[in-house]
Amino acid sequence: MTQFTPLGKDLEAVQLERLKWTLAQALKSPLYAGKLKGINIKSLRDIVKLPFTTKQDLLTSYPYGSLAVELDKLWLILSSSGTTGRPILTFYTKRDYELWMERLVRNLRLIGVGKGDLFVNTTNQALFTGRGYTDAASLAGAIAIPVGPASPEKHLKVMVELGVTSFHAIPSFAVKMANAARDLGLIEKLKLRKAILGAESWSDATRRRIEEGLGVDAYDNYGVAELGGPGIAVECPAKDGLHVWADHYLIEVVDPETGEQLGVGEEGELVITTLTREAMPLIRYRTGDIVKLMPSECSCGLNTPKISRIKGRLNEVVKVRGISLYPKAIEEAVASIPELTGEYQIVLSNLDDITVRAEVKRGAADVNSLRNLLRSRIKEITMLNVNIELLEEGAITHQGKARRIIDLRQL
């Protein structure tokens with residue numbers, strides 16, 4: 001494991017010192033030049049004096065309004081996936097990049113990836129911040145194989161032939177790999193041990209499907225492109241929440257409506273302040289992700305702030321018949337039925353009509369029974385009656401991250 005400042009007074013002192021540095025650095029960017037003057041921070045509790053930063057602020061500042069260094073000091077420019085609109089740029093100085101790699105190495109070593117491992121990064125290597133795991137794998141001592149964007153079958157072929165032991169992917173792609181491994185009869189030929197997955201919220205049922213389908217131990221990790229990408233938080237072998245690298249990030253959970261801070265166990269919006277970023281410091285950034293703060297103690301021995309796994313995004317939740325519906329709830333139902341592939345979409349139409357589209361595995365029998373079973377599972381989890389449309393395997397496709405909600409009510 002890489003070094004980490006232990007939780008307690010030492011960490012709080014480090015966070016306060018770095019918060020003050022971040023505020024001074026942020027004043028160099030047009031985004032914050034007029035927002036932070038005159039605010040005196042004496043303790044971490046004073047963070048509530050600082051204004052929130054939103055995605056809209058970054059869109060308004062496009063392309064370079066959030067930069068706190070001269071353009072010629074940059075080392076790398078990446079961006080968000082743009083699945084919810086125009087992509088947001090994220091900037092790195094050389095120092096930013098080195099600290100990013102340090103955090104990703106921590107992630108990999110914490111889950112047990114290092115010397116002796118052959119590591120494949122399945123994600124798009126272009127502007128997507130998930131590309132960072134390719135370089136980090138080498139720094140962690142593993143052998144990196146940057147296959148990049150390819151079909152599940154191509155990745156599995158490489159994994160079997162080269163004896164790959166670990167990989168990084170988005171969860172929906174890992175599900176496709178698990179289905180392909182079954183169809184091609186490759187499960188017994190794979191030597192996979194560890195998988196680190198992120199960039200989408202995913203359920204425990206999906207984790208089980210991936211782990212059983214690929215014979216792998218799968219871990220969640222959390223990142224936000226505009227905050228530097230993956231490397232904010234990660235699961236340990238206990239899989240009881242995600243450890244936050246709190247020497248680089250200061251986290252809060254707030255009420256989405258009022259902005260007031262919430263305590264341990266209370267569900268709200270995750271707000272993050274960077275503590276070490278030179279090029280693009282962000283203050284109290286509202287991520288839109290729904291989490292709970294968790295007790296810091298962990299059986300793994302790593303004593304850091306922890307958050308729950310992401311329940312969903314504020315812009316994903318839809319109100320139907322007075323009930324808040326998150327895609328993750330539908331995913332839990334779909335992934336729990338072995339005869340389904342795990343792919344699904346939620347179609348909203350008219351005033352309150354919900355249709356769940358789900359793929360049926362090839363060769364599955366008694367489709368009517370599957371339809372009734374899925375409807376029953378969804379009702380049990382969400383308390384909603386929905387329409388079910390079962391499709392052939394491969395009928396639902398995505399470009400990059402999975403698009404789960406199709407809201408025809410807005411058309």
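**Helix H4, the cysteines and a β-α-β unit**

Good morning. I shall begin with helix H4, which spans residues 132-139 and in which Gly132, Tyr133, Thr134, Ala136 and Ala137 are buried. Please keep in mind that the structure is a predicted model. As a general point, an α-helix has 3.6 residues a turn, so residues three or four places apart point the same way. Just after H4 comes Gly141, whose phi is positive, at about 105°.

I turn now to the cysteines. How many disulfides does a search of the whole structure find? The search returns zero. Why does Cys298 form no bond with Cys236? Cys236 holds the cysteine sulfur closest to that of Cys298, but the two are 3.5 Å apart, which is too far for a bond because a disulfide requires sulfur atoms within 2.5 Å. Cys300 is likewise in no disulfide, and the nearest cysteine sulfur to its own, that of Cys298, lies 3.6 Å away. Are these residues buried or exposed? Cys298 is buried, with a relative accessible area of 17%, whereas Cys300 is partly exposed, at 30%.

My last topic is a pair of strands. Strand E18 covers residues 353-360 and strand E19 covers residues 387-392; they run parallel and are joined by six bridges. Which residue of E19 is the bridge partner of Ala358? That partner is Leu390. Helix H9, residues 367-382, completes the picture: together with E18 and E19, helix H9 makes a right-handed β-α-β unit. In general, the side chains of a regular strand alternate between the two faces of the sheet.

Thank you for your attention.

Terms used. Residues are numbered from 1 along each chain as its sequence is written. This is a predicted model: local features need pLDDT of at least 70, side-chain atom pairs count only at pLDDT 80 or more; totals for chains, interfaces and linings use all residues. Side-chain values use heavy atoms; hydrogens and water are left out. Buried means under 20% relative accessible area, exposed over 50%, partly exposed in between (1.4 Å probe, protein chains only). Helices (H or I, at least four residues) and strands (E, at least two) are DSSP runs, numbered from the N terminus. Two strands pair if DSSP finds at least two bridges between them. A crossover is right-handed if, with the strands pointing away from the viewer, the path from the first strand over the helix to the second runs clockwise.
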